[in-house]
Amino acid sequence: MSKTEVVVYENPDLLAAATAARLVTRIVDVQAAKGSASVVLTGGGTGIAILRELRDSSARDAVDWSRVDVYWGDERFVPADSDERNEKQAREALLDHVPLDPKRVHAMAPSDGEFGDDVDAAAAAYAELLTPEVPAFDVMLLGLGGEGHTASIFPESPAVYEQDRPVVAVRDCPKPPPTRISLTLPAIRRAQDIWLVTGGDAKADAVAQALAGAGEVQIPVAGARGSRRTLWLLDRGSASKLTKVYQTPSA
Ligand SMILES: O=C1O[C@H](COP(=O)(O)O)[C@@H](O)[C@H](O)[C@H]1O
């Protein structure tokens, strides 16, 4: 039975540092149990801050990075060298600083890559990578938007209704850049652990609605649930509209 837990940290810095530490522990535990670990990364302020914390932590050397598979939950369909690209931000924050096996880093294609500006072909190629069955990812990090999007699945958009394909092209996003590639909710729900990481008052309504049981069409992040565990990692701002009291580690 999958569990949902909420942990609220005092501030965004503590949220990022504690999540980085938690991620090291999870990867090390998974590697001890089965050899390698798979991690799905998110873009966004909190997601990238966690990677930076991990880079700057000596605990990162506890991980055997050559046995980590890296995926992304979504990507902005922009040129490879664009600062908006989630992959570029993740590389600068962490991936270029640890000894990963390049063959195990599975980025989504940029708009100047092998598929050119054909975002459907780029999304189909990522779907192909995840066949025949979407991996049961060990940990998936996901951020969210104030209107309830997660990965690049926006409220009431075609992506939120997708039931068959694990990866889709996304157009006309309300948040720039407008063209993206995203895992779909059925693919997201293949993950064993989903960690929803977000900070700031602007996310408080979406967090409260999702935890109160909102529908995933209106609040897509409500549909992000891990098969083993769904862990909400928040700061005081993003948790400020929760009515129930949750675990709050002291600083
Ligand atoms: O555009 C995106 O935004 C969300 C959330 O980002 P934030 O900076 O508002 O926290 C992120 O989860 C997603 O991966 C990204 O592409």
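## Sheets, helices and ligand shell of a predicted model

Three strands, in the order E4-E7-E6, make up an open sheet with antiparallel pairing. The edge strands of this sheet are E4 and strand E6 (167-170), each of which pairs on one side only. From one strand to the next the twist averages 15°. E4 and strand E7 (residues 180-183) run antiparallel and are joined by three bridges. Within this part of the sheet, Glu75 stands opposite Ile181 in E7. Helix H4 (residues 119-129) packs on the sheet, where H4 touches E6 and E7. The direction of H4 makes about 160° with that of E6. The structure described here is a predicted model.

**The six-stranded sheet**

A further open sheet is formed by six strands in the order E1-E9-E8-E5-E2-E3, and its pairing is parallel. Strand E1 (3-9) and strand E3 (68-72) stand at the edges; each has a single partner strand, so one side of each is left without a neighbour in the sheet. Direction ignored, neighbouring strands of this sheet are turned by 15° against each other on average. As general background, strands of a sheet pair through backbone hydrogen bonds, in either the parallel or the antiparallel sense.

The table lists three strand pairs from the two sheets, with one pair of opposite residues for each.

| Strand pair | Sense and bridges | Residues standing opposite |
|---|---|---|
| E1 and E9 (residues 229-235) | parallel, seven bridges | Val8 and Leu234 in E9 |
| E2 and E3 | parallel, five bridges | Ser38 and Asp69 in E3 |
| E4 and E7 (residues 180-183) | antiparallel, three bridges | Glu75 and Ile181 in E7 |

Although E3 stands at an edge, four of its five residues are buried, so E3 is largely enclosed by the rest of the structure.

**Helix H2 and the loop that follows**

Helix H2 (45-55) lies across strand E2 (37-41), strand E5 (139-142) and strand E8 (193-198). H2 runs at about 105° to E8. The helix is mostly covered, with eight of its eleven residues buried. These buried residues are Thr46, Gly47, Ile48, Ala49, Ile50, Leu51, Glu53 and Leu54. Their cover includes helix H1 (12-34), helix H3 (86-93) and the strands E2, E5 and E8.

Asp56 lies in the loop between H2 and E3. Asp56 has 13 other C-beta atoms within 10 Å and is therefore partly exposed, the limit for an exposed residue being 12 or fewer. Asp56 and Ala17 are 39 residues apart in sequence, and their C-alpha atoms are 9.6 Å apart in space.

**The shell around the ligand**

The ligand is surrounded by 15 residues, and the closest are Thr42, Gly43, Gly44, Gly45 and Gly143. Two elements give two or more residues to this shell, namely helix H2 (45-55) and strand E4 (74-76). H2 is the helix that lies across E2, E5 and E8, while E4 is an edge strand of the antiparallel sheet. By residue class, the shell divides into ten polar, three charged and two nonpolar residues.

**The annotated span**

An unreviewed UniProt entry carries the annotation "domain: Glucosamine/galactosamine-6-phosphate isomerase", which covers residues 11-232. In the model, the end C-alpha atoms of residues 11-232 lie 14 Å apart. This span is 31% helix and 16% strand.

Key: Residues numbered from 1 in each chain as written. Predicted model: local features only at pLDDT ≥ 70, side-chain atom pairs only at ≥ 80, totals over all residues. Near = placed C-beta within 6 Å. Nonpolar A, V, L, I, M, F, W, Y, C, P; charged D, E, K, R; others polar. UniProt positions renumbered as here; feature names shortened; annotations may be inferred. Pairing = 2+ DSSP bridges. Axes fitted to C-alpha atoms, helices over the stretch in contact; angles between N-to-C directions. Contact = placed C-beta atoms within 7 Å. Buried ≥ 20, exposed ≤ 12 C-beta atoms within 10 Å, placed from the backbone.
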